[in-house]
Amino acid sequence: MAHELPPLPYAYNSLEPHIDEATMKLHHDKHHLAYVNGLNNAEAKLTECRQKGDFALVKHWEREAAFHGAGHFLHCIFWENMSNDGGSPSLELAKAIDSKFGSYDSFLAHFKAAGTAVEASGWVLLVQNMVTKQLEILTAEKHQDLSQWVTTPLLVCDVWEHAYYLKYQNNRAAYVEAFTKVINWKDVSKRYKA
Ligand code: MN3
């Protein structure tokens, strides 16, 4: 199923004077669209790889899927995250912000400093950790560092050398093959259901 550029949830000039109309037009209609097209292309190429059983370019297409996918999904959130009438955090969220960052003001100070400090292109994000349920402020360079946001891990395989070097030395492929023999599909299925 192809990804589509979602329409802006408000007019291009709705965020003036803070974010200008010309920027919104370019940003949404050109930049975001390019991520949608790039993600669709990468996913089509990965489908082709599976159909042909030819994974020679898998690293390239996974990188493309990460770059354009993270770009696409983050922009979907970004547009919704802005409004000319945004109000203030709900009681529940305000409590979580206070408990993690001390106060709303210190959250804002941290968020602004982190966003300003990202080297070159990137993002600053307020996230909730899925394991601890705690709020965190994180930053990303470019969009992705080879992964996509808004995903939930279901099955993960550690491919750091420490995970296999004693037995498999430099033969990572043999280790990955071995890993597939011990996958706990009951656990993966439980996570998928959740
Ligand atoms: Mn952008």
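The following exchange between a trainee and a mentor goes through selected features of a predicted model.

Trainee: Which two residues coordinate the manganese ion, and through which atom?
Mentor: In this predicted model, the ion has donors from two parts of the chain that are 48 residues apart, one in helix H1 (residues 21-52) and one in helix H2 (residues 58-80). The coordination distances are 2.0 to 2.1 Å. The donors are the NE2 atoms of His27 and His75.

Trainee: Is His75 buried or exposed?
Mentor: The class follows from the relative accessible area, because a residue under 20% counts as buried. His27, the other ligand of the manganese ion, has 22% and therefore counts as partly exposed. For His75 the value is 3%, which means that His75 is buried.

Trainee: How many salt bridges does the model hold, and what distance separates the closest N and O atoms of Lys25 and Glu21?
Mentor: The count comes to six salt bridges. Lys25 and Glu21 are four residues apart in helix H1, so about one helical turn separates them. Lys25 is partly exposed at 39% relative accessible area, and Glu21 is likewise classed as partly exposed, at 29%. Their closest N and O atoms are 3.6 Å apart.

Trainee: Which residue meets Glu48 in a salt bridge?
Mentor: The partner lies, as Glu48 does, in helix H1, at a separation of four residues or about one turn of the helix. Glu48 is partly exposed, with a relative accessible area of 34%, whereas the partner, Lys52, is exposed at 60%. The N to O distance is 3.4 Å, and the residue that meets Glu48 is Lys52.

Trainee: How far apart in space are Lys133 and Glu48, C-alpha to C-alpha?
Mentor: Lys133 is found in the loop between strand S1 (122-128) and strand S2 (135-141), and with a relative accessible area of 56% it is exposed. Along the sequence, Lys133 and Glu48 are 85 residues apart. In space, their C-alpha atoms are separated by 38 Å.

Trainee: Which residues are linked with Asp187 in a network of salt bridges?
Mentor: One contact is the salt bridge between Asp187 and Lys190, where the closest N and O atoms are 3.7 Å apart; these two residues lie in helix H7, three residues apart, about one turn of the helix. Asp187 is partly exposed at 22% relative accessibility, whereas Lys190 is exposed at 57%. The network links Asp187 with Lys190 and Arg191.

Trainee: Which residues make the nonpolar surface patch of about 460 Å²?
Mentor: One member, Trp185, belongs to helix H7, which covers residues 185-193. A residue needs over 30% relative accessible area and no salt bridge to be part of such a patch. The patch is made by Leu154, Leu155, Trp185 and Tyr192.

Trainee: How many aromatic pairs does the structure hold, and why is the pair of Phe78 and Trp123 edge-to-face?
Mentor: The structure holds eight aromatic pairs. In the pair of Phe78 and Trp123 the ring centres are 5.7 Å apart and the planes stand at 90 degrees. Because planes over 60 degrees apart count as edge-to-face, the class follows from the angle between the planes, 90 degrees.

Trainee: How many residues apart in sequence are the parts that the pair of Phe78 and Trp123 ties together?
Mentor: Phe78 is in helix H2 and Trp123 is in strand S1, so the pair joins two separate elements. Phe78 is partly exposed at 26% relative accessibility, whereas Trp123 is buried at 15%. The parts tied together are 45 residues apart in sequence.

Trainee: What is the angle between the planes of Phe101 and Phe107?
Mentor: These two rings form an aromatic pair classed as tilted, with 5.4 Å centre to centre. Phe101 is buried at 12% relative accessible area, and Phe107 is buried at 8%. Both belong to one aromatic cluster with Tyr104 and Phe111. The angle between their planes is 50 degrees.

Trainee: Over the face of which residue does Lys167 lie?
Mentor: A charge sits over a ring if, among other conditions, NZ of Lys is within 6 Å of the ring centre. For Lys167 the distance from the ring centre is 5.5 Å. The residue whose face lies under Lys167 is Tyr168.

Note on methods. Residues are numbered from 1 along each chain as its sequence is written. This is a predicted model: local features need pLDDT of at least 70, side-chain atom pairs count only at pLDDT 80 or more; totals for chains, interfaces and linings use all residues. Side-chain values use heavy atoms; hydrogens and water are left out. Patches are made of residues with over 30% relative accessible area and no salt bridge: like charges are joined within 9 Å, nonpolar side chains (Val, Leu, Ile, Met, Phe, Trp, Tyr) within 5 Å. Accessible areas come from the Shrake-Rupley method with a 1.4 Å probe; for residues, only the protein chains shown count as cover. A salt bridge is a side-chain nitrogen of Lys or Arg within 4 Å of a carboxyl oxygen of Asp or Glu. Donors are N, O and S atoms within 2.8 Å of the metal (3.2 Å for Na, K and Ca); water is not among the atoms, so sites may look incomplete. Buried means under 20% relative accessible area, exposed over 50%, partly exposed in between (1.4 Å probe, protein chains only). Rings of Phe, Tyr and Trp (its six-membered ring) pair if their centres lie within 6.5 Å; planes under 30 degrees apart count as stacked, over 60 as edge-to-face and the rest as tilted. A charge sits over a ring if NZ of Lys or CZ of Arg is within 6 Å of the ring centre and within 35 degrees of the ring normal.
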